Every structure is written in structure tokens, then in C-alpha cells.
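The following exercises are to be worked with the sequence and the coordinates at hand. Each task is followed by a solution in steps.

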Amino acid sequence: MPQAFRTAGAPATAPARNSRAGPGAVAAEHAWTYGHLVGELVRRVDGRPVGRFLAEEIAGPWRLDLAFGLGDADRRRCADLSYADPAWPDRMRGEPGSLRARALDNPPGGRDVAMVNSDLWRAAEIPAVNLHATAAGLARLYAGLLAEGTLDGVRLFSGELVAEATRVQYSGPDLLLDRPVDWTLGMQWEPDGSWGMGGIGGSSAWADPERGYTFAYATARLADHDRVEDLVEALHSCL
């Protein structure tokens, strides 16, 4: 697992690796590496690492309780993760040797609670998988996006930029998820018009423009997403 914390050079070497298909031919979620690729774009354009950029340009102005690379004070605020279902880590990985298993186990340790509860993990910046946040912080982030880039009078994005980021960029099969997916720029778009993202372990956040709400669920008990589905069913029955 230590190689997960050595991000320098990873984006530069990724394009040189053998690819299963040409650009634009198919989609497969980058379970571990998406954040490295996007974060490297931020670093090369802006000069700051993605965690510092997030803190100074987004989380700070919008007063969002979320961050990469936690300091001592924030690490003491973290809830320790545990398994709600002991069989979940193996079930989430999928069949040995499958694309999903190779993605989730490269590098290994991302479903090991001893690793994700460690100070090393919490202090690291692994942008695809180790954002630490409260549910309220995530919901506020999506509220700002739903309001076309303005939250509490603070504009960070234009409405045009939000529209481009949340429109469907790819529609078709995802080889890693093994199901059809509509991908925006980093989020999944659903047939009801909502857009957002769920993480392995059961946490999720999204915006629903049609119904006019944002939703976030952050759990310390790792399992599937059935808990979120139950909450959404109850919420929609009230709207």
C-alpha cells in the first residue's frame, strides 16, 4: 500500500502504460487514478497541489467542511471506519482477475480499515478516494453547483461552466462497473436528471435539479448503497 502515497510521477507515467482500447472507444471508471490525473492538471495549471487548491479556492470561500491531507486537528475529528458487513470487502472487489478487482487492488489496501483509519492515510492526498468530509459539507458543495456556481452570495463558477461539467459526456457501458453509465465530467448522471457520485463503502452525494434538492450521506460503516436507496425512497415520498 505505501505506493498509493507516492503520487509524484504517477500521472506522467500513466499515459505510457498499455491501454485496452483507444481514446474515446470505451469507458471504465478510474477507481484509484482519476484523482491523480485531475489533480495533476490542477498542479500544472495552477502550481498548487489539489488539496491546497480545494482548501483555498473552494472549501474556504464556500465554508465547506471537507479536505484532502488532514492536519492533526482534523485527524482527531475523524470517525473510524468499520465493516457493517464482514463480507463486503471481498464482494466489492468482484471476481479475482477481473478488471474491477485489478483496479480496486492496485494498490491494495483501500478497503482495509486498518489502512483507511491510519494517520498516514488521513494525512495523504489521494484525490479519487480519500476526501474527508461531513455530510453537511458535501450537501453544501452540491447546493453551490445546483445554484449555478453561487453559494451564500459567493460565486466560484459560472453557470455555463457548471452546465458543461454536469452534462453527459459519455453514455454507454462502463467496463469496470459492468453496467451502462452516463458520465458527466467526474460524476454520474441519472435518468431523473440528478448528478453526483457514490463511493465504495456506501457514502453518496448528489444534486437533483428536477426536485430542487441536494443530498449527502456519509457513513463510517462500510457496506453497499442499499441504505441510501431506502433514504431516497422515503425522501421522494415526501416531495
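**Exercise 1. A residue of helix 3**

Ile 58 has a relative accessibility of 15% and therefore counts as buried, the cut-off being under 20% relative accessible area. The model is a predicted one.

Task: Determine in which helix Ile 58 lies and which residues beyond four places in sequence it contacts.

Solution.
1. Ile 58 belongs to helix 3.
2. With neighbours within four places in sequence set aside, the contacts of Ile 58 are Phe 53, Leu 64, Leu 141, Leu 156 and Phe 157.
3. For a distance along the chain, take Ser 158, which is 100 residues from Ile 58; the two C-alpha atoms are 14 Å apart.

**Exercise 2. The nonpolar cores**

Task: Identify which members of the largest nonpolar core touch the most other members, and which element supplies the largest share of this core.

Solution.
1. The largest nonpolar core has 17 residues, and Leu 64, Leu 66, Tyr 142 and Trp 195 touch the most other members.
2. At least two residues of this core come from each of helix 3 (50-62), helix 9 (135-146) and strand 10 (204-208).
3. Helix 3 provides the largest share, with four residues.
4. A second core, separate from this one, comprises twelve residues, among them Ala 27, Ala 31, Val 113 and Val 181.
5. Returning to Leu 64, and leaving aside neighbours within four places in sequence, its contacts are Ile 58, Ala 59, Gly 137, Arg 140, Leu 141 and Leu 151.

**Exercise 3. A serine in strand 10**

Task: Decide whether Ser 204 is buried or exposed, and state which side chain it joins through a polar contact.

Solution.
1. Ser 204 is located in strand 10.
2. Its relative accessible area is 10%; since buried means under 20%, Ser 204 is buried.
3. The side chain of Ser 204 makes a polar contact of 3.2 Å with the side chain of His 225.
4. His 225 also appears among the residues that Ser 204 touches when those up to four places away in sequence are not counted; the others are Met 197, Gly 198, Phe 215, Ala 216, Tyr 217 and Val 228.

**Exercise 4. A hairpin**

Task: Establish how many bridges join strand 6 to strand 7, and which residue in the turn has a positive phi.

Solution.
1. Strand 6 (residues 170-174) and strand 7 (residues 179-183) run antiparallel and are joined by five bridges.
2. Within this pairing, Pro 173 is opposite Pro 180 of strand 7.
3. The two strands form a hairpin with four residues between them, and Asp 178 in the turn has a positive phi of about 60 degrees.

Note on methods
Residues numbered from 1 in each chain as written. Predicted model: local features only at pLDDT ≥ 70, side-chain atom pairs only at ≥ 80, totals over all residues. Heavy atoms only, no water. Pairing = 2+ DSSP bridges. Core = buried A, V, L, I, M, F, W, Y, C linked by side-chain atoms within 4.5 Å. Buried < 20%, exposed > 50% of the residue type's maximum accessible area, 1.4 Å probe, protein only. Contact = heavy atoms within 4.5 Å. Polar contact = N/O pair within 3.5 Å; in protein donor to acceptor, adjacent residues only side chain to side chain.
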